[in-house]
Amino acid sequence: MTLEVDNVSRTYLGIRRNGTQQVAALGPLSLTIPSREFFAVLGPSGCGKSTLLNVIAGFEKPDTGRVTLDGKPIMSPGPDRAVVFQEPGLMPWLTVRENVEYGLKLRGIKAHERRERAMHFLKMVHLSKYAEARPHELSGGMRQRVAIARALALEPRVLLMDEPFSALDAQTRDLLHDELQRIWIETHVTVVFVTHNINEAVYLADRILLMTAPPGRIKRLVRVPFARPRQKTSSDLSIFATMLQKEIKEEVDKVASREFDPDWTPATRSEVLVDPAAEI
Amino acid sequence: MSSAIRMFAKKLAVQIVFAGVLLLAWEAIVKVGGVPPYLVPPPTSVFAAFVDMATSGILWQSVGLSLYRMAIGYGVSLVLGTVLGILLARSWFVKTTAGSVVLALQSLPSICWLPFALLWVGIDERAILAVVVLGATFAIAVATENAIRNVPPIYLKVGQVLGAKGFVFARDILFFAALPEWLGGMKLGWSFAWRSLMAAELIRKDSLGMGRLLEIGRSFNDVPMMLAAILVIIVVGVTVDWGVFGTIETKVRRLYGLQK
């Protein structure tokens with residue numbers, strides 16, 4: 001199974017002072033994401049990374065090109081491409097378990113079987129004891145775990161994640177990174193993970209797509225060469241992330257110089273880590 | 001005894017004492033202050049009037065008839081208002097054409113239609129029901145429309161991903177997502193219908209009803225009966241407003257975690 005992004009581009013109707021005009025947001029861009037890969041999409045804000053994910057999910061139609069899954073073109077959203085959004089989007093009128101079960105119910109899976117499957121995935125995110133709770137009784141991090149369980153329960157061919165942890169506090173986010181790594185090692189589900197957090201991408205992904213300032217194109221495709229399970233604190237990961245940081249900054253600065261007043265210039269940083277003149 | 005129960009008991013005791021003091025003061029002012037009892041009767045004669053109405057049966061017939069009219073009129077406007085609201089939220093054509101008409105009619109107190117009803121059909125049962133229906137339908141329509149429009153877009157996306165489309169989406173997701181606000185609209189519609197009905201019943205001469213009790217009292221210069229009728233109208237209104245709608249709304253809001 002492969003996910004093929006073929007020459008996809010997308011423009012928006014932007015509103016400018018002198019009227020509306022088409023603004024190129026994404027691409028054209030081509031990619032092949034093989035089965036069982038954890039693929040991260042990293043780029044400056046507005047580079048079209050969420051647009052790319054929305055096109056893969058089927059929420060948006062590309063202006064040119066197409067996306068195919070196993071050779072079949074994607075026409076509309078569906079459970080074979082489960083999405084975890086930035087907000088959990090749980091249904092407050094259902095219990096946690098019913099939320100996870102709902103997609104299975106629509107597929108006509110029998111009550112006892114979908115209950116079993118829901119409990120299996122709730123165990124995977126360590127929330128089986130909250131199965132009968134309502135979403136509002138859970139913390140933000142727990143709700144996002146339920147959203148992940150709900151997506152996994154669909155047994156999708158691709159799991160799409162659109163900045164799933166960016167609304168969480170730093171400690172909860174760290175915890176969920178570890179969980180997602182473990183879940184991925186367990187399931188080896190194909191993941192497309194959109195983020196603007198470099199460390200997150202380096203920690204989790206097999207490959208990272210660095211996108212350019214809009215219209216988002218491929219700046220570089222990077223393979224993350226570390227075996228799993230990875231250590232968040234490992235210095236290899238930090239050095240790798242620092243390397244990417246420079247490339248991302250070029251694109252972020254490009255976006256900023258378009259948006260800010262003309263007198264803005266990027267901050268220059270010392271390349272030298274230790275000032276040689278300093279007394280040690 | 002837990003502190004929550006103690007707080008509740010304290011609140012109740014204060015309220016009972018307050019009501020008692022109020023009634024005593026009222027009785028004392030009327031008896032001692034020389035206010036003519038045919039203008040402001042003391043609470044004891046209001047209570048006597050209430051007992052008279054209750055024993056003669058006129059009270060229960062009136063309450064029954066008014067509630068029956070509400071059940072029919074409000075039931076019709078709930079269906080009409082909801083359908084209209086769904087169309088306003090979902091159909092560009094209906095919103096563009098009927099949208100401003102609905103908003104205009106919603107702002108008009110429905111009792112203003114009563115003179116027309118008088119002219120067209122006379123004050124009969126049809127006129128009363130029409131005023132009730134007109135009073136509630138547009139308020140419910142506008143609230144239903146808003147309830148649907150305010151459903152967070154994330155539910156649409158989640159529904160699409162999980163495979164809920166069309167009718168299934170409307171039944172399983174849209175309905176429940178819109179429910180808290182829709183209930184608010186139902187409550188508002190009820191109070192509009194209630195006000196319209198009381199006004200309409202004041203005018204209709206050949207039938208009973210809670211509004212009519214007031215008018216009967218006036219025609220006999222029976223102020224205690226008028227006050228007793230007012231109290232009955234308040235009690236029935238509060239029972240439905242808070243007892244029925246309030247309870248359902250609170251239950252739903254608690255279930256959703258919108259309220260502790």
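I looked first at polar contacts across the interface of chain A and chain B, and the rule finds four residue pairs, both at pLDDT 80 or more. A polar contact here is a pair of N or O atoms within 3.5 Å; within protein, one must be able to donate a hydrogen and the other to accept it, and residues adjacent in sequence count only if both atoms are side-chain atoms.

This is a predicted model, in which local features need pLDDT of at least 70, side-chain atom pairs count only at pLDDT 80 or more, and totals for chains, interfaces and linings use all residues. Side-chain values use heavy atoms, without hydrogens and water, residues are numbered from 1 along each chain as its sequence is written, and chains are lettered from A in the order in which they are written.

I then checked salt bridges (a side-chain nitrogen of Lys or Arg within 4 Å of a carboxyl oxygen of Asp or Glu), and the rule finds zero across this interface.

For the buried area (accessible area, 1.4 Å probe, lost on putting two parts together, summed over both), I noted about 1,900 Å² between chain A and chain B, 72% of it on carbon and sulfur atoms. Phe85(A), Trp93(A) and Tyr102(A) supply 32% of what chain A buries against chain B, more than any other three residues.

Next I looked up contacts (heavy atoms within 4.5 Å). The interface takes 22 residues from chain A and 18 residues from chain B. Leaving aside neighbours within four places in sequence, Val192(A) touches residues including Leu3(A), Ile33(A), Phe39(A) and Leu159(A).
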